[in-house]
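The following exercises concern one protein chain and its ligand. Please work through each task before reading its solution.

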Amino acid sequence: MSAPLLELTNVSRHFGGVRAVQNVSARIEAGEIVGLIGPNGAGKTTLVNVITGAHRATGGEIHFMGERVTNQKPYQAARRGLSRTFQIVQPFPSMTVRENVAAGALFAGKAISRRAAMDAAEAHLNFVGLGKLVDAPASTLTLPNRKRLELAKSLAMRPRMLLLDEVNAGLNLSEIDEALRLIREIAAQGVTIIIIEHLMKVVLGLSQRILVLHHGELTAEGAPEDILEDERVIEAYLGDRFAKRRQGAQS
Ligand SMILES: Nc1ncnc2c1ncn2[C@@H]1O[C@H](COP(=O)(O)OP(=O)(O)OP(=O)(O)O)[C@@H](O)[C@H]1O
Ligand SMILES: [Mg+2]
């Protein structure tokens, strides 16, 4: 069997006594779209932080494209083609929208000059629907537009793998449909995607496989239809509302 694109082996991250991520092992193959779900505080963002080098692992190993990358620095992750969006978006407020995206390209070493980075930034901004706001200061953007900016910035890093941390939170229904379309298009360009998302419509609409985290541990893994039937997942995360809706649909 060939090496997966990303391999996690017993990855842990503790904060003092808090076991935010505990012995997580998983393989992500090139070309997959994988959903990562779980209740608030389950460890989803922490796992992304550890994979992309924002936090050190307390234990375990991470391999990307067959190379050991445990505890790499964030810029090394970006250069290797592993980029992520932030759940709490923090653009450089005084820079324009275009400059923010260009900074992403330069950070990942994917532009040879500032000029090239600015040109590439505009293309990515057009792609996410911010073409009219390229010269606006980032501080003036609405939350949905900040989420789009965050996506454009991560795309400017020309990722092989993109980790999306609640990139659709706060969007309305038509904005979510647009985001789904964008994410499918990014995947069609060959980018492997891990998507963290509380909106089940989005997770189920996109993912070929779902990983479920609970109290830092990987408690379930499978095809979306199997995850929906998993009693432990319903109990820990999807909750009564979802279970009742399923019963209603069956009766
Ligand atoms: N920098 C930190 N210092 C201390 N504890 C932290 C830190 N970051 C996260 N934690 C703790 O680790 C646990 C996992 O948090 P994390 O943010 O990874 O969860 P999450 O699954 O992303 O939740 P949400 O769905 O609310 O975004 C929580 O108990 C959280 O309080
Ligand atoms: Mg989170």
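**Exercise 1. Locate glutamine 87 and describe its surroundings.**

Step 1. Glutamine 87 lies in the loop that joins β6 (82-84) to α3 (97-107); helices (H or I, at least four residues) and strands (E, at least two) are DSSP runs, numbered from the N terminus. The model is a predicted one, in which local features need pLDDT of at least 70 and side-chain atom pairs count only at pLDDT 80 or more, whereas totals for chains, interfaces and linings use all residues. Residues are numbered from 1 along each chain as its sequence is written, and chains are lettered from A and ligands numbered from 1 in the order in which they are written.

Step 2. A residue is buried if 20 or more other C-beta atoms, placed from the backbone, lie within 10 Å of its own, exposed if 12 or fewer, and partly exposed in between. Because glutamine 87 has 15 other C-beta atoms within 10 Å, it is partly exposed.

Step 3. Apart from neighbours within four places in sequence, glutamine 87 is in contact with Thr45, Asp165 and Glu166 (contact: C-beta atoms, placed from the backbone, within 7 Å). Aspartate 165 is 78 residues away along the chain, yet the two C-alpha atoms are separated by 5.1 Å.

**Exercise 2. Which residues are around ligand 1, and which element supplies the largest share of the shell?**

Step 1. The shell consists of Phe15, Val18, Ala20, Gly38, Asn40, Gly41, Ala42, Gly43, Lys44, Thr45, Thr46 and Gln87, taking residues whose C-beta atom, placed from the backbone, lies within 6 Å of the ligand.

Step 2. At least two residues come from each of β2 (18-28) and α1 (44-51). The largest share, three residues, belongs to α1.

Step 3. By class, the shell has four nonpolar, seven polar and one charged residues. Here Ala, Val, Leu, Ile, Met, Phe, Trp, Tyr, Cys and Pro count as nonpolar, Asp, Glu, Lys and Arg as charged, and the others, Gly among them, as polar.

Step 4. Eight of the eight residues of α1 are buried, including Lys44, Thr45 and Thr46. After α1 comes glycine 53, with a positive phi near 85°.

**Exercise 3. Describe the division of the chain into domains and the contacts between them.**

Step 1. The chain is divided into domain 1 (1-81 + 162-251) and domain 2 (89-158), with bounds from an automatic or database domain assignment. Their C-alpha centres lie 25 Å apart.

Step 2. Contacts link 12 residues of domain 1 to 14 residues of domain 2. On the domain 1 side, α2 (74-80) and α6 (173-188) each give at least two residues, and α6 provides the largest share, four. That side divides into seven nonpolar, two polar and three charged residues.

**Exercise 4. Which residues have the most contacts inside the largest nonpolar core?**

Step 1. A nonpolar core is a set of buried Ala, Val, Leu, Ile, Met, Phe, Trp, Tyr and Cys residues joined through C-beta atoms within 7 Å. The largest has 69 residues, and Ala105, Ala152, Ile193 and Ile195 have the most contacts inside it. Each of domain 1 and domain 2 contributes at least three residues to this core.

Step 2. Beyond its neighbours within four places in sequence, alanine 105 is in contact with Lys110, Ala111, Ala117, Ala120, Ala121, Ala156 and Met157.

Step 3. Of the 251 residues of the chain, 41% count as buried.

Technical notes
Two residues are in contact if their C-beta atoms, placed from the backbone, lie within 7 Å.
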